[in-house]
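Me: I'd like a close look at a single part of this model, please. Pick one residue and its surroundings, and then lead me outwards from there to the rest of the chain.

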Amino acid sequence: MKALITGASSGIGADMARILSNRGYDLILVARRKDRLEKLKKELKTEVEIISMDISSTFNCMKLYNKVKKQDIDIVINNAGFGLFGSFDDTDLDKELDMIDLNIKAVHILTKLFLKDFVKKDKGHILNVASSAAFQPGPLMATYYATKVYVLHLTEAIYEELRRKNSHVYIGALCPGPVDTEFNNVANVSFSVKSLQSYDVASYAIKQMFKRKLIIVPSMFMKITRFLSIISPTKLKLMIAYKIQKSKQK
């Protein structure tokens, strides 16, 4: 059994690696920070291959796939991503384009390539890490929220295609709310509500993945928030979202 995890050097990705290793999975861990990956590897009980790579590059995504495609991979977790806080007319365009490349293009490419292999084998799991941000617009984090909508809707559409083919391949989306990870520092935000612990989110996600849950939402609070976002008028959602986002500003 083998799993590939992107964004595995810290946070949810690193904790998923710990959990899957404890379940007996050999691992391919992908991230930019080789030192972090090597440190994590020393903790794990199973065989671990480290690939230090920036997958925001389309070339590198293809390179990653070609490097590992002959291995018998059972699980692919697209976890790599980052956010950026600020008014859309003030935020840095280059950072936003990098975010789109990582949060959208890398997920799209790796999902497509590995899905083709999984469909041929009629087995395998793909878990795409989206966010509760995917459930509504996000003023002051407009680009990040939009990227997560893409991940969620792509995953949902593929799920239905697989279901209609009676495929045994699983795909699902993890949509957590605030999690205590390095994401906060990178995005330059401080959450106004209590953050979940990364290990708890990772553990819940893995369990729900094996139960073949399509949309995985840790915590009852975020489940209620999702329901309210569905029934609320768009302009009300926007006003509430802005106030919530503004409260995160450091």
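Reply: A helix here is a DSSP run of H or I with at least four residues, and helices are numbered from the N terminus. Please keep in mind that this is a predicted model.

With that in hand, let's start at Glu-96, which sits in helix H4. Is Glu-96 buried or exposed? Buried means under 20% relative accessible area; Glu-96 has 7%, so Glu-96 counts as buried. What does Glu-96 touch, once residues up to four places away in sequence are left out? The answer is Leu-84, Phe-88, Thr-91 and Thr-143. For a sense of the distances around here, the C-alpha atoms of Glu-96 and Ala-142 are 9.8 Å apart, although 46 residues separate the two along the chain.

One of those partners, Thr-143, takes us to a second helix. Thr-143 belongs to helix H5, and with a relative accessible area of 12% it falls under the 20% limit, so Thr-143 is buried as well. Seen from the side of Thr-143, and again without neighbours within four places in sequence, the contacts are Phe-88, Glu-96, Met-99 and Ile-100. Phe-88 therefore turns up in both contact lists, that of Glu-96 and that of Thr-143.

Now let's follow H5 itself. H5 runs from residue 142 to residue 164. The helix holds 23 residues and spans 34 Å from its first C-alpha to its last, close to the 33 Å expected at 1.5 Å a residue. Besides Thr-143, the buried residues of H5 include Tyr-144, Tyr-145, Lys-148, Val-151, Leu-154, Ile-158 and Leu-162. After H5 comes Asn-166, whose phi is positive, near 55°.

H5 also carries some charge pairing. Side chains of opposite charge can pair when their charged atoms come close. Glu-160 and Arg-163 form a salt bridge, at 2.7 Å from N to O; both are in H5, three residues apart, about one turn of the helix. Glu-160 also forms a salt bridge with Arg-164, where the closest N and O atoms are 2.6 Å apart. Arg-164 and Glu-160 are four residues apart in H5, which again means a separation of about one helical turn. As for exposure, Glu-160 is partly exposed at 27%, Arg-163 is partly exposed at 44%, and Arg-164 is exposed at 63%.

By the rule used here, the count of salt bridges is six. Another of them joins Asp-72 to Lys-121, with the closest N and O atoms 3.5 Å apart. Asp-72 lies in the loop between H3 and strand S4, while Lys-121 is in H4, so this pair ties together parts that are 49 residues apart in sequence. Both ends are partly exposed: Asp-72 has 47% relative accessibility and Lys-121 has 35%. Elsewhere, salt bridges with shared partners join Asp-15, Arg-18 and Glu-43 into one network.

H4 and H5 come together again in the nonpolar interior. How many residues does the largest nonpolar core have? It has 36, and the residues with the most contacts inside it are Leu-4, Val-30, Ile-55, Leu-64, Val-68, Ile-73 and Phe-114. Strand S2 (26-31) and helices H3 (58-68), H4 (93-121) and H5 each supply at least two residues of this core. H4, the home of Glu-96, gives the most, with nine residues. Take Leu-64 as an example: aside from neighbours within four places in sequence, Leu-64 is in contact with Leu-4, Val-30, Ile-51, Met-53, Ile-55 and Leu-110. Apart from this core lies another, of 30 residues, among them Ala-17, Ile-75, Ile-77 and Val-179.

Let's finish on the outside. Leu-236, Met-239, Ile-240 and Ile-244 form a nonpolar patch on the surface, with about 350 Å² of accessible area together. Leu-236 is in helix H9, residues 234-248, and its relative accessible area of 37% makes Leu-236 partly exposed. That figure lies over the 30% needed for a place in a patch, so Leu-236 qualifies on this point.

Definitions and conventions. Residues numbered from 1 in each chain as written. Predicted model: local features only at pLDDT ≥ 70, side-chain atom pairs only at ≥ 80, totals over all residues. Heavy atoms only, no water. Patch = residues over 30% accessible without salt bridge, like charges linked within 9 Å, V, L, I, M, F, W, Y side chains within 5 Å. Areas by Shrake-Rupley, 256 points an atom, 1.4 Å probe, with all protein chains shown as cover. Salt bridge = Lys/Arg side-chain N within 4 Å of Asp/Glu carboxyl O. Buried < 20%, exposed > 50% of the residue type's maximum accessible area, 1.4 Å probe, protein only. Core = buried A, V, L, I, M, F, W, Y, C linked by side-chain atoms within 4.5 Å. Contact = heavy atoms within 4.5 Å. Expected span 1.5 Å × (residues − 1).
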